[in-house]
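Trainee: I am new to this structure and would like a close look at a single part. Could you take me slowly through one of the chains and then through the place where that chain meets its partner?

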Amino acid sequence: MPVPAYTFLMLSGVLFTMGAIGFLVRRNPLVVFMCIELMLNAVNLAFAAESRYLNSLDGVVFAFLVITVAAAEVVVGIAIIVQVYRAGRQMDVDELDLMKE
Amino acid sequence: MDTLAPLVLLLPLAGFLVNALAGRVLPRRIVGLVGAGSVGLAFVASVAILVQVIGGHRLDQTYFTWWQTVDFNVPFNLYVDPVSTLMILVITGVGFLIHVYSIGYMAEDAGFARFFAYMNLFVFSMLLLVLSGNFVWLIIGWAGVGLSSYLLIGFWYQRPTAVLAARKAFVMNTIGDVGMVFAAFLVFLNLRVLDYNSVFSRIHQLPKGGTIITAICLLLLVGAVAKSAQLPLHTWLPDAMEGPTPVSALIHAATMVTAGVYLVARMHQLYDWAPAAATTVAIVGGVTAFFAATIGTSQVDIKRILAYSTMSQIGYMFLAVGIGAYTAGMFHFMTHAFFKALLFLAAGNVIHAFHDDQDIRHMGNLRAGLPITFWTFLIGTLSISGFPLFAGFFSKDEIIRAALSAAGSEFWLGVLALITAGLTAYYMFRLFFIAFGWEWLSRDERHLHEALPIQTIPVVILAAGAVVAGYIPVANFLQPVFGHAVEVGTGAFIGLAALSVLVALTGFLLAYLLHARRPELALQWRTRIAPLHALVEHKYYVDELYDLVFVRPGFALARFLNTIVEPRVIDGLVNGVASFFVVEAREFRLLQTGRVRSYGFVMLLGALGTVFLVVLFLGYLPVRLGG
């Protein structure tokens, strides 16, 4: 019995919502970061599933692009977090507001 | 001949390159040798061309194609016929003598190499102008002589007056260049070709005397008038005397300023096809000849008098080519090149002897001090005044004869030319009597020194030319191009010659009476006709008129743009836009809280909003939900 498409989409939606809520409520930069990854991969899941059901490779290609960008983003993001930590700043995203007006 | 013609062009160009690039490090002897030698060799090549042209050879050779498109081709072709041969002979021959003279004249000058580089550049441009076989290269040469003229007038760039004069000359010449370019546009638009042979063979497709051909000829005339300092674009030439004297001799007397005459003669098929334009040429020439001669009678600067006399003599040439007496015009061009170069170079020796004082009233005692210069200057004066058996007599007489034997308005131009001949004799002998100090000869104590042989020998050669050039059978030489000159009977010939001699003699006697015998009479007469004298002395206030009509409004407009439009309108617009964003950004900056989580929240809202809008407009979610 084939699994219907909406199950994947619902799973994707749940994962994305978890990531979004985590992004909004957590203040530890590392956890915020993981939440971003969760959202990205939720989208990847939706892409892959729709790709399968629409018999098109477009979604998979998009997923690969997202993975690539996510990898690059992790490199930059982790580097920033490590530098902030080394500078002895408090590990709280609300305190890291040097860019405000 | 197809190798000789480019050689004539390339020799001065090579001289220019050597002196321009290496002139600073080369010793002066080498610089002078390269400068004069390249022109001398070009003269030798020109003589070789002359021999072949006399033998009946012609040249219209394309060496390369500069531009090539579907229907627009610009070849580089050289055109050698008797007219251009005569021109290159005078340019390189007289040019060579003037270059040799300059070695002595400029010997003390710091810009020695620069001077010869510019002079060679001029000779190259002028040769390109006369040898070119199409309109494009003609205009390039035309602009090139304008450039080198500008550079040489402003040669002593530390003098503000020289810089101003150079700028004036350049602006006036540019007016002419624009006329030339538009003439070439019209030629191409209507005939689709630009090389002379094709243009001349197709010109008869246009209606004779029609608007197009007349417009072309008048636009060419604008170029010719500017370059040849004819009315109303003449004011730059007297000011151009700020340049070194050899420059005045070569560029502003013997060659460049006669380019306008060459142009009309070269385009004679066009002018024959546009009688109205040809008449305009004749009127411009005749009036300028008279106009400049009257101014010449009242000036006191030796070079300015010669400058006005140049304008006047070129006016004669314009008159000749305007009435179709092309041979006479070219003949006068040749004799004029000899005696005017002679007069300028001799004047240069005089100016040197008086330590750069150019006021003729301060001069004197020249027969004892500068005997060679004295006698050669006298020969030049006799020649330009049209005394029998001198070169100027034959050529000027031919022009007056051609004008007087024409019908209608041209006859009156002939009468004007005859009066001008008398004026010429008057102002030249006035200059001679005042400057060369007839009455001071015995009691002047000044010790003057004759110039070096390198300066006097070219002058002597030119003096020989000013005597014998009249016997050169130019008419026969040019006859294949222009056809037979107008013939008059022997009786009329002698009668007219006697008449013009009589007129010249009157001018001479008047000058002798007023400036040698009884100078107090001249003073009396001057006060009696004071308003007229002031008018002439101030050159009919043309400079003041142009200042009032063109220069001042131009400055006023520039000032208005500079003080009102530039700061208020242009800067106001740019700064206004910038300050608008500065002010507005102050408000929007408050949105930058620096809180990552609030940014994320806004992004999330945005994403949800986007999904909402998509569903709203499509009515469904564009994904496949089912299996």
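Mentor: What follows is a walk through chain B, from the whole chain down to single residues, and then out to the contact with chain A.

Please keep in mind throughout that this is a predicted model, and that the values below are computed from it. Taken as a whole, chain B comes to 26 helices and 2 strands, and its C-alpha trace spans about 125 × 60 × 55 Å along the principal axes. Of the 627 residues in chain B, 55% are buried. When contacts in chain B between residues at least 6 apart in sequence are considered, 80% of them join residues at least 24 apart.

The two strands are a good place to begin. Strand β1(B), covering residues 59–68, runs antiparallel to β2(B), and 8 bridges join the two. The link from β1(B) to β2(B) is a hairpin made through 4 residues, and within the pairing Thr65(B) stands opposite Pro75(B), a residue of β2(B). Strand β2(B) itself, residues 73–80, is mostly covered, with 7 of its 8 residues buried.

From the strands we can turn to the loops on either side of helix α8(B). In the loop between α7 (196–202) and α8 of chain B we find Gln205(B), which counts as exposed because its relative accessible area is 58%, over the 50% that the term requires. Gln205(B) and Ile400(B) are separated by 195 residues in sequence, and their C-alpha atoms lie 34 Å apart in space.

The loop between α8 and α9 of chain B holds Ala229(B), a residue that is not a glycine and yet has a positive phi of about 55 degrees. Ala229(B) has a relative accessible area of 0%, and it is therefore buried, since the term applies under 20%. Pro232(B) also has its place in the loop between α8 (211–227) and α9 (236–239) of chain B, and the peptide bond that joins Leu231(B) to Pro232(B) is cis, with an omega of about 0 degrees.

Further along the chain, Thr424(B) sits in helix α19, which takes in residues 409–435 of chain B. Thr424(B) counts as buried because its relative accessibility is 0%. If its neighbours within four places in sequence are left aside, Thr424(B) is in contact with Gln313(B), Ile384(B), Ser385(B) and Lys396(B).

Chain A offers a residue to set beside Ala229(B). Asn55(A), found in the loop between α2 (29–54) and α3 (58–86) of chain A, has a positive phi of about 55 degrees although it is not a glycine. Asn55(A) is exposed, with a relative accessible area of 71%, whereas Ala229(B) is buried.

Finally, we come to the place where the two chains meet. The contact draws 16 residues from chain B and 21 residues from chain A. The area buried between chain B and chain A is about 1,600 Å², and carbon and sulfur atoms give 61% of that area. On the side of chain B that touches chain A, the residues divide into 6 nonpolar, 6 polar and 4 charged. Between the two chains there are 0 salt bridges, while 2 residue pairs, both at pLDDT 80 or more, are in polar contact.

Notes
Residues numbered from 1 in each chain as written. Chains lettered and ligands numbered in written order. Predicted model: local features only at pLDDT ≥ 70, side-chain atom pairs only at ≥ 80, totals over all residues. Heavy atoms only, no water. Contact = heavy atoms within 4.5 Å. Buried area = accessible area lost by both parts, 1.4 Å probe. Salt bridge = Lys/Arg side-chain N within 4 Å of Asp/Glu carboxyl O. Polar contact = N/O pair within 3.5 Å; in protein donor to acceptor, adjacent residues only side chain to side chain. Nonpolar A, V, L, I, M, F, W, Y, C, P; charged D, E, K, R; others polar. Buried < 20%, exposed > 50% of the residue type's maximum accessible area, 1.4 Å probe, protein only. Pairing = 2+ DSSP bridges.
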